[in-house]
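Me: Could you walk me through this structure with some questions and answers? I am new to this, so please go step by step.

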Amino acid sequence: MPRYQRYLFRQLIGPFLLVALGLTAVVWLSQSLRIIDLIVNKGLSFSTFLLMSMLVLPTFLGAILPIAFFCSLLFVYNRLTIDSELVCLRAAGISQWSLAKPALVMATIIVVASYAIVMYVMPISHREFKERQFVLRSDHSALLLEEGSFNSLTEGVTVYIRGREGGTLNGILVHDARERERPVTMMAERGRLVQTAEGPRFILFNGHRQRIDRDSAQLSLLNFERYTMDLGEFAQRGGNRWREPRERFLDELLDPESEGADRLRGKFLSEAHNRIVSPLFAYTLLAIGLAALLLGNVDRRGQWRRMLVAIAAAVVFEAVALFLVNATAKNSSLIPLMYLNPVLVTAAAIALLRGRLPRLLGGRGRAPEPGVPGQGA
């Protein structure tokens, strides 16, 4: 790779990393808000919360990387035009394709990285996230026992806790009205939710248990230092958890065998083909950006009109791709359109870049010859 191409490549790296980190941070914050209640309501440790929020990121990285590359491409090539660097390179006889080669190399790196993410990293991370989420929901020690609120374990059973210190619950009130004629109320100074070999247990310390028999209007009172309440019937039963399409690898999506997969076959196939085609979006966005910025006369005041056209084209392209993902989940016969969309857009952008389509972005007539300052090659 010549020195000027290495220079262009280095110019692309910095903005790409900056935009990618910014978009990743925004997505991470938005996804973290969805599981922040695990800290607030369930007393989950911050390290566990941080791990779970990080496990969500690979699901979105495959879409973030091409978009970040497109933004950096527009920024860098527009800045190089304003600074007349591209003008000098063109005056030296450098062709359009030579100027585009560093961006093409970077797009290839992003495509390879995206394939690694969507084919391997994303299924593993999403599966691990769902496994941990399933354990938290199945583990009765992680119930939504909010402090200062009446929490319903199941119909007829209500729990109130005054506060929480680590794994210890203080100021506990349990009201069991499942037997309407013989309701039970228990109050204790403190308690703990623990897991045993027989299932989850609610252990209460220093309290009393009162039961009223409404038929005989008698009240029975029992003081205790330790009382164990069986919560096994409330706990969600384990077993084999059904895995969502995003948790499965490509071979599982193309040939699903698990129970319930037949009725969701459309979603499985849509997810599989989306993983195959979505990393290639980097090439399509590259073609759109180059067709906008390397064509026509040079304007040192900026090429914001062309950039707006490129951004609009990219938004429409991504919107159509998203629509096709949802549409193919309901109608598998539309799957070829998922491949046709990037192929047509890329072909149109390349044809425009080679001067075989009308100059929609400000140029006139045929593409200017290389070596003429201030004009495209």
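**The largest pocket**

Me: Which helices each supply at least two residues of the lining of the largest pocket?
Reply: Keep in mind that this is a predicted model. Four names answer your question, and among them α8 covers residues 265–277. The helices that each supply at least two lining residues are α4, α6, α8 and α10.

Me: Which helix gives the most to that lining, and how many residues does it give?
Reply: The lining of the largest pocket has 26 residues in total. Among the elements, the top contribution comes from α10, with eight residues.

Me: Which lining residues are closest to the centre of the largest pocket?
Reply: The space in this pocket comes to about 880 Å³. Around it, five of the lining residues are closest to the centre: R246, E271, N274, L322 and V325.

Me: How many residues of the lining are nonpolar, polar and charged?
Reply: Here the lining of the largest pocket is sorted by class. The charged class has seven residues and the polar class has six, while the nonpolar count is 13.

**The nonpolar cores**

Me: Which residues have the most contacts inside the largest nonpolar core?
Reply: This core is made of 49 residues. Elements giving it two or more residues include α1 (3–32), α5 (85–91) and α11 (335–353). α9 gives the most, with 10 residues. Inside the core, the residues with the most contacts are F69, Y77 and L290.

Me: What does L290 touch, leaving out residues up to four places away in sequence?
Reply: L290 is among the residues with the most contacts inside the largest core. With its neighbours up to four places away left out, L290 touches L73, Y77, A100, L295 and L353.

Me: How many residues are in the second, separate core?
Reply: Look for I161, M186, L193 and L204, which are included in it. The size of this second core is 14 residues.

**Aromatic pairs**

Me: Is the pair of F224 and Y227 stacked, edge-to-face or tilted?
Reply: The chain has four aromatic pairs by the rule used here. In the pair of F224 and Y227, the ring centres are 5.3 Å apart and the planes meet at 40°. Planes under 30 degrees apart would count as stacked and over 60 as edge-to-face. The angle of 40° fits neither, so this pair is tilted.

Me: Is F224 buried or exposed, and what about Y227?
Reply: The cut-off for buried is under 20% relative accessible area. F224 has 10%, so F224 counts as buried. Y227 has 23%, so Y227 counts as partly exposed.

Me: How far apart in sequence are the parts that the pair of F281 and F317 ties together?
Reply: These rings have their centres 4.9 Å apart and their planes at 75°, so the pair is edge-to-face. F281 counts as buried at 8% relative accessibility, and F317 counts as buried at 2%. F281 lies in α9 and F317 in α10, so the parts tied together are apart in sequence by 36 residues.

**The chain overall**

Me: What is the distance between the C-alpha atoms of V157 and A177?
Reply: V157 lies in strand β2, residues 157–165, and is buried with a relative accessible area of 0%. Along the chain, V157 and A177 are 20 residues apart. Their C-alpha atoms are separated by 6.2 Å.

Me: What share of the residues of the protein chain counts as buried?
Reply: The chain's secondary structure comes to 11 helices and six strands. Of its 377 residues, the share that counts as buried is 44%.

Definitions and conventions. Residues numbered from 1 in each chain as written. Predicted model: local features only at pLDDT ≥ 70, side-chain atom pairs only at ≥ 80, totals over all residues. Heavy atoms only, no water. Core = buried A, V, L, I, M, F, W, Y, C linked by side-chain atoms within 4.5 Å. Buried < 20%, exposed > 50% of the residue type's maximum accessible area, 1.4 Å probe, protein only. Contact = heavy atoms within 4.5 Å. Phe/Tyr/Trp six-rings, centres within 6.5 Å; stacked < 30°, edge-to-face > 60°. 1 Å grid on protein atoms, 1.4 Å probe; cavity = no way out; pocket = protein on both sides within 12 Å on 5 of 7 lines; lining within 4 Å. Points joined across faces, edges and corners; volume = space filled by probe spheres on them. Nonpolar A, V, L, I, M, F, W, Y, C, P; charged D, E, K, R; others polar.
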